[in-house]
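Subject: Structure for you to look through

Hello,

I am handing over the structure we spoke about, with its sequence, so that you can open it and follow along. Please keep it on screen while you read the notes underneath.

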Amino acid sequence: MHIADVTMFYAEASGGVRTYLESKRRFLSSIEGVRHTLVVPGAEDRSAPGCEMISAWPIPFSTGYRFPLRPGPWGERLVALAPDVIEAGDPYVPAWAALAAGERLGVPVIGFYHSDLPRLVERRFGRTWGQAAAAYVRHLYRRFDRVLTPSRTMVEHLAALGVEGAIAQPLGVDTAAFSPARRDPALRAELGIPQARCLMVFAGRGSREKNLDVLLAAARLLGEDFHLLLVGSAMPRRVPENVTVVDRFVGREDVARILASADLLVHAGNQETFGLVVLEAMASGIPVVGVAGGAVSELVPPEAGRIAPRLDAAVFAQTVREFVREVDLEEAGRQARAWVERRYAWPAVLPGLLEHYRALCGVPSLLPVPVAAEVADAWQGGR
C-alpha cells in the first residue's frame, strides 16, 4: 500500500504537523508492504526518496512556510506517484490538488483537519470573515472520503459547521525525545531564576489564541513564590518581574530540556485543536494546568494536572495555587509520564491511523494480532 501525504504545513521550524508526518514516516518504514511519500512545498522542485518538493512562494514573516498558488503541479505530482490513498493536511491549495488527483486515480482521499480555520479567521478579521471561512470548510471537507481530526473537540466543531462523520484520531509524542531524563538542575541558574520558586513554563508560538495575557496576569497575581518562563517566537516583551522570556525559536532538544527542568506547564489556550506541547510536557515528567475549552482538557487526566473552569486570570492563578498546594508535583509528574506512555506514545497511536488507510483501500489488516507490541518494538528500535 502506497500512502501519500500532502500539505503546506511543512517547514524547517514548523511544529505539530511536521512532527506528526515525520513520526508517521518512521513508523510506516517499519511495516513490510507499506510505502510512504511526502509532497510538500520547497524553494524549488526536487525529488528525494520518500519526499517530493514543489516550488512555492515563501510567506513573509513566517518561520519558513511557503504558500502554493496553483493546484496543477501538486495534482500532477500526485497522479505521477499513483498512491493507493492520499491524506491532505491543510485546507488550502494542496487539499484541492489531492481531491483532484484522487478523482483521476480513483483512490480515496482523507482530509486531516489539523487547525480550526473559522475560529482563527474570526479572531483576526471578525465574525463576517469567520462565517465565510466556515462555509469554505464545509464546502471543502464534505468532499473527502474520510475526515480525521486530532480531538473530539474538533469532531464537534466540524459537526456544528455541517461536516458530519469526522473521526477523532489523536496525535502522539516522542517519549524518548521528551523524557524526565532531560532534566537539568543548571537551567534555573543559567536563566537567573531562583531555585526556591515554583517554575511554570509555556512553550510555543506567542500567537493571540494562546492567551498569554492571561498567563502574565496570573503570574503577577501568584507573586514571588512562582516564576513563569515563556519560550518561543513572538513572545511579549513587557512582562511582570517574575516572568522570564526566551523570545526565539527553540529547537526540540532545548525545549525538552526546559520542560523536564520545570515544575509544571501552564497553558491558557482555550481553542487548541490538540495541544502537542501538553503531551510533550507530560512525557517530560511534569504536570499541566490548563483551561476549559479546546482540546487541552481531553489530554490531562486528574492525576496529572488541573483544568481551570474558565479563561480568567484570577481563576487560573487560583487553580495553579491550589494544585501546587494540594498535590505532590513529582508524583503528579510521574503519573503524567505514565499516562502519556500508555495512551499517546507514537507506537500506541499510529497503528490506529494505519487501520483508516487499510479500511479505505479495502485491504486485509496490515497489523494482525499481536501487532501492537511487535510494531512498537520495531519502531522504538529504529529511532
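What follows is a description of the sheets, the helices that lie across them, the helix pairs and the nonpolar cores.

Please bear in mind throughout that this is a predicted model.

The first sheet

One open sheet has eight strands in the order E3-E4-E2-E1-E7-E8-E9-E10, and its pairing is mixed. Its edges are strand E3 (46-48) and strand E10 (167-168), each of which pairs on one side only. As a general point, the strands of a sheet pair through backbone hydrogen bonds, either parallel or antiparallel. Within this sheet, strand E2 (residues 35-42) and strand E4 (residues 51-55) run parallel and are joined by five bridges, and if you look for Pro-41 you will find that its bridge partner in E4 is Ile-54. Further along, E8 and E9 also run parallel, with three bridges between them, and here Phe-112 has Leu-148 of E9 as its bridge partner. E9 in turn runs parallel to E10 and is joined to it by two bridges, with Thr-149 standing opposite Ala-168 in E10.

Two helices are worth finding against this sheet. Helix H3 (residues 93-105) lies across strand E1 (2-6), strand E7 (85-88) and strand E8 (109-112), and runs at about 165° to E7. Helix H6 (residues 152-161) lies across strand E9 (146-149) and E10, running at about 130° to E9.

The second sheet

A further open sheet is formed by six strands in the order E13-E12-E11-E14-E15-E16, with parallel pairing. Strand E13 (243-246) and strand E16 (305-308) are its edge strands, each pairing on one side only, and from one strand to the next the twist averages 25°. Two bridges join strand E11 (residues 198-203) to strand E14 (residues 264-266), which run parallel, and in this pair Met-200 stands opposite Leu-264 in E14. Helix H9 (residues 252-261) lies across E11, E12 and E14, at about 150° to E11, while H8 lies across E11, strand E12 (226-231), E13 and E14, at about 160° to E12.

Two helix pairs

How do H3 and helix H5 (residues 127-141) pack, and at what angle? Their axes are 11 Å apart and the angle is about 25°, which means that H3 is roughly parallel to H5. Their crossing is left-handed, and the contact is made by Ala-95, Trp-96 and Leu-99 of H3 together with Tyr-136, His-139 and Leu-140 of H5.

The axes of helix H8 (residues 212-222) and helix H12 (residues 313-326) come within 8 Å and cross at roughly 55°, so H8 is oblique to H12. This crossing of H8 and H12 is right-handed, and the residues in contact include Leu-215 and Leu-222 of H8 and Phe-316 and Val-320 of H12.

The nonpolar cores

Which residues touch the most other members of the largest nonpolar core? That core has 62 residues, and the ones in question are Val-201, Leu-265, Val-278, Met-282 and Tyr-357. A second, separate core has 32 residues, including Leu-117, Ala-134, Leu-140 and Ala-166. To return to Tyr-357, if its neighbours within four places in sequence are left aside, Tyr-357 is in contact with Met-1, Ile-3, Tyr-20, Lys-24, Val-85, Glu-87 and Ile-110.

Best wishes

Methods. Residues numbered from 1 in each chain as written. Predicted model: local features only at pLDDT ≥ 70, side-chain atom pairs only at ≥ 80, totals over all residues. Heavy atoms only, no water. Pairing = 2+ DSSP bridges. Helix = DSSP H or I, 4+ residues; strand = E, 2+ residues; numbered from the N terminus. Contact = heavy atoms within 4.5 Å. Axes fitted to C-alpha atoms, helices over the stretch in contact; angles between N-to-C directions. Core = buried A, V, L, I, M, F, W, Y, C linked by side-chain atoms within 4.5 Å. Buried < 20%, exposed > 50% of the residue type's maximum accessible area, 1.4 Å probe, protein only. Parallel < 35°, antiparallel > 145°, perpendicular 65-115°, else oblique. Left-handed = near helix turned anticlockwise from the far one by under 90°.
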